[in-house]
Amino acid sequence: MLAKRRSLINSDEKRKALQNVVLARGRLKGALKTVTKSSDDSTSFDDSEEDTQVKRKRMDSPPVHQPYIINLFNRGIDVARFRENSPLYPMCRAWVKNNPREKIEETVVPPAKPRIAIKREHNPDIVNQLINGEVKEIKEMPRPATTNMEPFLVVKRQPVADFDIDESSKSKEELIAEHLVHWKKIRESSIAHRKQYEQARYGTSFKLLEALKK
């Protein structure tokens, strides 16, 4: 009887001990999980901070120059030092120097400012006003005058009628001389027409320039 009681007591104690062990293991696993989660979060946060710092350093630091040397006629030039819109003159000068490893500080050409459209007015009396002292400063040229003349001489085609063929034998030199006289007249008439057109359109501007020279 005593042996049975002892065995029952021992079995109860073993069960309690096993339960305690299982409970302790569960608590230990839970604690380890919480620790690993917190460590992962902290490491990921630290990594993200390190990544942002590295990215900032990369952005703040000047770009690393990667040379791209081309040899032309036994002379070298580092093309990577120039931009796509770089002028041709400094590139030729660097090629003539034949020192592609030399540090070249390229001058940046500022972009051209857009022109502001100025509304000009036609004022044929501006020359007299400038001479009389009514106008002290000329900020813009007057607007050209309107005219019905064509900018260039237009030769109207004459209707072709019946004509007699000149069968007289002329030499090549005589024909060339006649054509030269004819086309010289056409050139002189076209030049005279162009001068008349420019005088009609820009006569006031020409007079104004002459007055400004005095």
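**Exercise 1. Surface and overall make-up**

How much area does the protein expose, and what percentage of it do carbon and sulfur atoms supply? State also which secondary structure elements the protein contains and what share of its residues is buried.

Solution. The model is a predicted one, in which local features need pLDDT of at least 70 and side-chain atom pairs count only at pLDDT 80 or more, while totals for chains, interfaces and linings use all residues. Residues are numbered from 1 along each chain as its sequence is written, and side-chain values use heavy atoms, with hydrogens and water left out.

Step 1: the protein exposes about 20,300 Å², and carbon and sulfur atoms supply 56% of that area; accessible areas come from the Shrake-Rupley method with a 1.4 Å probe, and for residues only the protein chains shown count as cover.

Step 2: the secondary structure comes to 4 helices and 2 strands, where helices (H or I, at least four residues) and strands (E, at least two) are DSSP runs numbered from the N terminus. Along the sequence these elements follow the pattern α-β-β-α-α-α.

Step 3: of the 214 residues, 10% are buried, a class defined as under 20% relative accessible area, with exposed meaning over 50% and partly exposed lying in between (1.4 Å probe, protein chains only).

**Exercise 2. The hairpin**

Describe how strands β1 and β2 pair, and find the residue with a positive phi in their hairpin.

Solution. Step 1: β1 (residues 69–72) and β2 (residues 75–78) pair in the antiparallel sense over 4 bridges; two strands count as paired if DSSP finds at least two bridges between them.

Step 2: one of the bridge partnerships joins N71 to G76 in β2.

Step 3: the hairpin has 2 residues between its strands, and F73 takes a positive phi near 55° there.

**Exercise 3. Salt bridges**

How many salt bridges does a search of the whole structure find? Give the atom separation in each of them, and the exposure of the residues involved.

Solution. Step 1: the search finds 3 salt bridges, each being a side-chain nitrogen of Lys or Arg within 4 Å of a carboxyl oxygen of Asp or Glu. Side chains of opposite charge can pair when their charged atoms come close.

Step 2: R81 pairs with D78, with the closest N and O atoms 3.2 Å apart. D78 is buried at 3% relative accessibility, whereas R81 is partly exposed at 24%.

Step 3: E198 pairs with R194, the closest N and O atoms being 3.3 Å apart. Both residues lie in helix α4 (residues 172–213), 4 residues apart, about one turn of the helix; E198 is partly exposed at 28%, and R194 is partly exposed at 26%.

Step 4: E210 and K213 have their closest N and O atoms 3.8 Å apart, and both lie in α4, 3 residues apart, about one turn of the helix. E210 is partly exposed at 45%, while K213 is exposed at 66%.

**Exercise 4. The nonpolar core**

Which residues make up the largest nonpolar core, and which elements give two or more residues to it?

Solution. Step 1: the largest core has 5 residues, namely I126, V127, L130, L208 and A211; a nonpolar core is a set of buried Ala, Val, Leu, Ile, Met, Phe, Trp, Tyr and Cys residues joined through side-chain atoms within 4.5 Å.

Step 2: the elements that give two or more residues to this core are α3 (126–132) and α4, and the largest share, 3 residues, comes from α3.

Step 3: leaving out residues up to four places away in sequence, L130 touches V135, I138, L208, A211 and L212, where contact means heavy atoms within 4.5 Å.
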